[in-house]
Amino acid sequence: MQPAFLLLLVPAALWCHWCLPAWQVRACLDSVDKVQKMAELQGLGDECGEGASGAPALADSCLADNRLNLDVYPDGCHRFLQLFKGRQGEVLKVEFLRLSSNDRLLGTTLGILSGLKQLKSLVLKGGHARDEFGSCQHGSLTNLPPDVGNLRCLTHLDLSFNNLSTLPSCILRLPSLSVLLVSHNSLVALPKDFGRLRKLTFFSAMKNQLKELPQSIGELAALQDLDLSENVLEFLPEEVGNLQNCKELDLSGNCLSSIPDSLANLKSLRQLHLHSNLLVTVPTSLASLPNLSRLDLQNNCLRTVPPEIQTLPFVRLRGNPIGKAEPFPLADESSARGLRRLFLASADDSFTVTSEGCKVVLACGIHFCFPPGATSDALQICFRILAPDPQRVKLRHHDVLLSRVLELQPHGVEFQQEVQIWMPYVPPETLHQREVVVRTFSGQSWSDLRTRVEQKRKSTKHVAHCSVLHFSWFLVVSRLVQNECKVPTEGTLLFSSVDPNIKVTFPPGVTEETRSVKLQVLPVSAEEIEEITDNAGCRASPLLCLSQDSLVDFLRPVRIQLPLPPGVTGLNLDQSRLHLLHGDLEGQTWDDITSQVVLEFTHLYAVFEVTHFSWYWLWYTTKTYIGGIAKKVYERLRMYQVSFIALQRKKDPEQVLLQCVPKHKVDPVLKKLQDRYRGPEPSDMVEMFEGEQFFAAFERGISIDMDRPDCVDGRLSFIFYSHLKNMKEIYVTSPVDRKGQAVKGQVSFYRGAVPETIPEDASRRRRKGPDSPWLATLPIKLPRLKPHWGGNPGPLNGFSFPPLNLGNAETGYLTQANLLSIARRVGADWQTIGLNLGLTYQQIERIGYNNRDDLDKQILDMLFSWAQQNSEDPDCVSKLITAMKESGRQDIADEIETIVELGQQKYRESIRRVGLEQESSTEDSAIAMT
């Protein structure tokens with residue numbers, strides 16, 4: 001039933017632009033492309049035959065209802081030519097035609113198209129082939145034959161994913177054209193008489209290089225959908241306001257700094273997308289559009305928005321600096337646009353920057369912009385993406401790590417102009433009480449850079465943008481919102497942006513020299529206090545932290561205003577129950593200083609004076625010794641409640657997924673994994689600090705199958721970071737003979753080292769016993785082995801190949817045994833993996849047919865055939881990793897990367913033993929680890 005279902009779905013999708021509303025067109029096309037690839041993978045092309053002898057079969061299965069869907073075949077144009085030769089009369093009556101513009105015979109085929117007088121829909125899309133990095137290749141189409149303009153019945157034309165630099169002139173002579181797609185091309189302009197297409201209702205030119213629009217665009221009176229997103233438009237002509245029937249207008253991802261007032265004339269407009277531009281103002285008249293239901297202004301440069309627009313419920317304004325001062329200057333946009341672009345593959349670890357500057361994009365999503373003149377001579381930049389390690393990652397109290405560590409070399413080199421860096425990160429769960437910053441190592445200490453948070457165009461991914469003059473280590477963290485100011489001798493006022501009721505007043509004469517002061521606030525709810533203390537009578541104010549860059553106390557008392565704890569006012573206040581606590585900067589000791597200061601009260605606030613800075617906290621309780629309670633609460637506020645998960649892949653129980661999941665993420669994670677994994681219920685909740693180490697040990701007859709670099713004394717090492725994936729997929733085995741019985745083992749989790757900032761007594765209190773590091777234990781069962789793969793590693797299920805060593809000595813080899821281990825985990829995904837590895841459809845079909853009764857042999861034949869073909873390619877290992885990721889098998893990709901990492905480690909150790917290792921970064925590395 002599945003092939004029949006696919007054949008029905010593909011022709012139906014050809015009506016997307018013909019029958020569906022315009023707003024559904026793009027979603028429909030995406031679905032069609034996916035289905036067609038599945039159909040091709042499952043061998044439906046056999047129904048259409050090969051060459052001239054296959055023409056009758058081709059007509060029967062592909063020429064139905066005057067439709068030809070030939071873009072699903074690598075040789076679709078060849079099939080079309082053969083069909084035209086054998087059944088010309090039927091071909092001339094075709095109304096719907098799809099061809100791939102990646103086809104080498106496209107030019108020959110185009111000469112015949114003008115004869116298809118009844119053609120209504122023509123699709124000549126690229127993107128059906130991939131390059132060596134797995135990216136979609138644009139088609140070869142650069143123009144259309146002039147005779148295409150004679151297709152008077154043509155209403156739908158799709159030329160997406162090609163290499164058009166100008167719009168073919170013949171398109172303007174198509175009198176019935178209502179749907180036109182030219183997205184993902186290289187168009188820099190539209191014809192001045194583009195308005196001749198009077199029947200056009202849908203036009204998409206997204207992802208081009210359009211710099212301006214012709215004034216005649218306002219003559220498209222029937223246009224309902226206009227998509228010009230992701231171009232380089234800097235302004236719009238006033239004539240855009242003449243599109244009276246336009247219902248959706250997408251101008252996102254351009255360079256617009258303003259939009260014309262004439263947009264207020266678009267009375268039919270329902271959706272207006274303007275996000276990811278450079279808008280500094282929007283006309284108030286947009287609020288008067290009667291049918292507008294969505295106005296997206298996110299990620300612009302708006303500092304003020306008319307109240308008429310800001311109060312509309314369907315307006316999106318996130319990512320704008322509303323109410324903020326001008327940000328730090330960025331690199332000159334005009335000079336940046338002309339810079340050379342470098343797109344690096346996952347196997348690359350360096351690039352070269354010249355005095356001309358360049359833009360660089362790493363495979364992991366990190367971007368760089370080196371402006372012209374940043375370096376006077378050619379400079380090689382080396383980079384590494386490192387797993388977070390407490391010795392390398394320095395977190396302060398209440399910090400949350402949001403990214404891996406980026407190391408850039410050479411360290412300490414001073415650039416002549418600031419280099420821009422964009423680092424992707426996991427967005428924190430709460431934003432209004434925290435802020436995202438890039439933290440860097442200066443050679444002596446870690447410091448936070450001025451950071452601008454941005455969101456990628458057409459994506460939900462967030463990036464942290466900063467400017468630097470030197471390279472070292474970089475990471476993204478979420479910290480408590482930090483307000484700071486300079487305190488001169490005349491005094492000043494500092495208040496919290498989290499809670500403006502928290503104020504610090506510096507009187508005149510408070511200091512002889514100007515000093516810098518920082519303020520942070522940690523809000524604490526009454527529910528949190530009650531849950532931790534188990535006392536409904538305890539209340540506490542927000543936690544205030546004050547610091548300064550001077551070791552000298554202030555010359556005059558500084559006046560601090562704190563809100564009273566929740567539920568407490570100046571009218572019902574019992575002063576005997578109110579305690580002002582002072583904590584050291586590490587939060588390890590909390591002293592009650594109520595009797596040492598003069599407390600003044602208003603209806604809502606407490607006011608007191610101090611001469612030195614640290615943590616300050618107001619408590620309201622009947623307890624007399626409050627310091628110990630405050631210390632316990634402070635420690636708990638830094639902890640996360642987590643559960644451990646141990647799941648086995650349904651198709652391969654020897655593949656085990658281990659993960660440490662924060663409490664609120666347990667159910668969503670299990671729901672996401674339940675289709676592919678099974679296992680016991682998560683463990684009971686335990687508490688862990690950010691950056692705390694823990695181990696996983698397999699016990700009772702189960703062990704780790706491979707020598708891993710993260711394995712210490714037979715146990716897997718983890719570091720818990722609340723916003724990162726604390727997950728590993730590993731392959732386990734058992735020394736027990738499983739031919740006759742299953743093995744019932746377990747995995748246990750144990751505490752390791754705690755972060756340096758955690759007090760030792762706090763660490764001991766969380767253990768199950770006086771010295772026990774045990775956290776949790778979950779069962780693992782390996783089923784009884786079936787006589788499936790055989791036990792002889794020599795002939796692989798009937799296959800015999802010469803010894804294989806893929807890769808090289810520096811990156812580590814993948815051996816025949818490694819490939820066999822990988823093959824065991826491939827399963828039904830082998831066809832997709834084979835295609836992503838570069839095997840042809842014919843090879844996949846032949847492998848499937850030759851081994852049609854044995855899935856294991858199909859996998860082995862595919863994998864080892866590819867290995868033999870690429871054994872001399874030094875990049876074959878990285879290509880294998882990329883293919884696994886593109887096929888949705890991140891677990892296998894991780895295993896291969898682990899093998900490669902182990903090989904690299906052993907290679908470096910061997911080089912070090914003979915004294916050949918370079919010492920370029922030894923001193924910097926030693927400093928960073930201290």
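These legends describe close-up views of a predicted model.

**View 1. An open sheet of eleven parallel strands.** The strand order is E1-E2-E3-E6-E7-E8-E9-E10-E11-E12-E13. Strand E1 (67-69) and strand E13 (315-316) stand at the edges. Each has a single partner strand, so one side of each is left without a neighbour in the sheet. Inside the order, E9 sits between E8 and E10.

**View 2. The pairing of strands E9 and E10.** Strand E9 covers residues 225-227, and strand E10 covers residues 248-250. The two pair in the parallel sense. Three bridges connect them. Which residue of E10 is the bridge partner of leucine 226? The partner is leucine 249.

**View 3. Helices H5 and H7 across the parallel sheet.** Helix H5 spans residues 76-86 and lies across E1 and strand E2 (96-100). Helix H5 runs at about 135° to E2. Helix H7 spans residues 106-113 and lies across E2 and strand E3 (121-125). The angle between H7 and E3 is about 165°. Strand E2 thus appears under both descriptions: H5 lies across E2, and H7 lies across E2.

**View 4. Two loop residues with positive phi.** Most residues other than glycine have a negative phi. Lysine 207 has a phi near 60°, a positive value. Its place is the loop between strand E8 (202-204) and E9. Lysine 207 is partly exposed, with a relative accessible area of 38%. Asparagine 299 has a phi near 55°, also a positive value in a residue other than glycine. Asparagine 299 lies in the loop between strand E12 (294-296) and helix H8 (307-310). Is asparagine 299 buried or exposed? Asparagine 299 counts as buried, at 17% relative accessibility.

**View 5. A cis peptide bond before proline 410.** Most peptide bonds are trans. The bond that joins glutamine 409 and proline 410 is cis. Its omega is about 5°. Proline 410 is placed in the loop between strand E20 (405-409) and strand E21 (419-425).

**View 6. The surroundings of arginine 439.** Arginine 439 is found in strand E22, residues 434-441. Its relative accessible area is 1%. Arginine 439 is therefore buried, as the cut-off is under 20%. What joins the side chains of arginine 439 and aspartate 448? A polar contact of 2.6 Å does. Neighbours within four places in sequence are left aside in the contact list of arginine 439. That list has Lys394, Leu395, Arg396 and Asp399. It also has Trp446, Ser447 and Asp448. Trp473, Phe474, Leu475 and Val477 are in contact with arginine 439 too.

**View 7. An open sheet of five antiparallel strands.** The order is E28-E29-E33-E37-E36. Strand E28 (492-495) and strand E36 (600-601) are the edge strands. Each pairs on one side only. Strand E29 (residues 503-506) and strand E33 (residues 558-563) pair in the antiparallel sense over three bridges. Valine 504 stands opposite isoleucine 560 in E33.

**View 8. Proline 500 in the loop between E28 and E29.** Proline 500 is partly exposed, with a relative accessible area of 45%. In sequence, proline 500 and leucine 562 are 62 residues apart. In space, their C-alpha atoms are 10.0 Å apart.

**View 9. Two buried cysteines.** Cysteine 255 counts as buried, at 14% relative accessibility. Cysteine 545 is buried as well, with a relative accessible area of 9%. How many disulfides does a search of the whole structure find? The search finds zero.

**View 10. Helix H17, largely enclosed by the rest of the structure.** Helix H17 has 15 residues, 855-869. At 1.5 Å a residue, H17 should span 21 Å. Its end C-alpha atoms are 21 Å apart, which agrees. Eleven of the 15 residues are buried, so H17 is largely enclosed. Among the buried residues are Asp856, Gln858, Ile859, Leu860, Met862, Leu863, Phe864 and Trp866. Aspartate 854 caps the N-terminal end of H17. A side-chain oxygen of aspartate 854 lies 2.9 Å from the backbone nitrogen of aspartate 856.

Definitions and conventions
Residues numbered from 1 in each chain as written. Predicted model: local features only at pLDDT ≥ 70, side-chain atom pairs only at ≥ 80, totals over all residues. Heavy atoms only, no water. Pairing = 2+ DSSP bridges. Helix = DSSP H or I, 4+ residues; strand = E, 2+ residues; numbered from the N terminus. Contact = heavy atoms within 4.5 Å. Axes fitted to C-alpha atoms, helices over the stretch in contact; angles between N-to-C directions. Buried < 20%, exposed > 50% of the residue type's maximum accessible area, 1.4 Å probe, protein only. Polar contact = N/O pair within 3.5 Å; in protein donor to acceptor, adjacent residues only side chain to side chain. Disulfide = S-S within 2.5 Å. Expected span 1.5 Å × (residues − 1).
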